[in-house]
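Visitor: I would like to learn how to read a model like this one. Could we go through it together, feature by feature?

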Amino acid sequence: MNYKFSVTGLCHEDHEEFKDVVTHLQWRLVGTDNDELEGTFCGATPIEDLTQLDVLTFVEFSDIKEETIIGWIEAMLGNNPSYKEHILEQIAKEIKDKRLSKTTTAFDLPWSDGPPEPVAP
């Protein structure tokens, strides 16, 4: 299974002498299996402890890169293995459900005569 994170939103606010501090992450993790079936988990992660802000390492909001945010998410999941496992299970379940599910259109119903013949202009 291959996984890919993307950041879908950020909340930010001023905190003490720091401007536009990221306080909440919105993200998506997509898992793709060998058959190219995908499962998606959407997450939202608050950053509750702002005591670690440091003038020397603070990155301006306009300079933040998606890779940095993804690193924060991965670190948070690394510190919470049960939550990470839950996320991966949800993605696997969605893929399994897609594999087992078959979609029928109106033209595939047993009593259908198939799609209508095209009408010439």
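Visitor: Let me begin with one residue: does Thr32 count as buried or exposed?

Guide: Thr32 counts as buried, because its relative accessibility is 15%. Buried means under 20% relative accessible area, exposed over 50%, and partly exposed in between, using a 1.4 Å probe and protein chains only. Thr32 belongs to strand S2; helices (H or I, at least four residues) and strands (E, at least two) are DSSP runs numbered from the N terminus. Before we go on, this is a predicted model, in which local features need pLDDT of at least 70 and side-chain atom pairs count only at pLDDT 80 or more, while totals for chains, interfaces and linings use all residues. Residues are numbered from 1 along each chain as its sequence is written, and side-chain values use heavy atoms, with hydrogens and water left out.

Visitor: What is the mean pLDDT of the protein?

Guide: pLDDT is the predictor's confidence in each residue, from 0 to 100. Here the protein has a mean of 90, and 100% of its residues reach 70 or more. Among the elements, strand S3 (residues 38-46) has the highest mean, 96, and helix H1 (residues 66-78) the lowest, 94.

Visitor: Back to Thr32: which residues is it in contact with, leaving aside neighbours within four places in sequence?

Guide: Contact means heavy atoms within 4.5 Å. With those neighbours left aside, Thr32 touches Met1, Asn2, Leu37 and Glu38. Val30 is also in strand S2, and Val30 is buried because its relative accessible area is 17%. Under that sequence rule, the contacts of Val30 are Asn2, Tyr3, Lys4, Glu38, Gly39 and Thr40. The C-alpha atoms of Val30 and Ser6 are 8.4 Å apart, although 24 residues separate the two in sequence.

Visitor: Where does Asp33 lie?

Guide: Asp33 sits in the loop between strand S2 (18-32) and S3. Asp33 is buried, because its relative accessible area is 11%. Apart from neighbours within four places in sequence, Asp33 is in contact with Met1, Ile95 and Arg99. Tyr3 is 30 residues from Asp33 along the chain, with 8.9 Å between their C-alpha atoms.

Visitor: Which backbone nitrogen does the side chain of Asp33 reach at 2.9 Å?

Guide: A polar contact is a pair of N or O atoms within 3.5 Å; within protein, one must be able to donate a hydrogen and the other to accept it, and residues adjacent in sequence count only if both atoms are side-chain atoms. The side chain of Asp33 reaches the backbone nitrogen of Leu37 at 2.9 Å. A polar atom of the Asp33 side chain also lies 2.9 Å from the backbone nitrogen of Asp35.

Visitor: What should I look for in backbone angles?

Guide: Most residues other than glycine have a negative phi. In this model, Glu36 has a positive phi, near 70 degrees. Glu36 is in the loop between S2 and S3, and Glu36 is exposed because its relative accessible area is 60%. Asp20 has a positive phi as well, near 55 degrees. Asp20 is found in strand S2 and counts as partly exposed, because its relative accessibility is 31%.

Visitor: How much space lies in the largest pocket?

Guide: Rolling a probe the size of a water molecule over the atoms shows where empty space is left. About 330 Å³ lies in the largest pocket. Of its 15 lining residues, Val21, Val22, Leu53, Phe58 and Trp72 are the closest to the centre. S2 and H1 are the elements that give two or more residues to the lining, and S2 gives the most, with 3 residues. On a 1 Å grid over the protein atoms alone, a cavity is a set of points where a 1.4 Å probe fits but cannot get out, while a pocket is an open set with protein on both sides within 12 Å along at least five of seven lines; lining residues have an atom within 4 Å of a point. Grid points are joined across faces, edges and corners, and the volume is the space filled by probe spheres set on the points.
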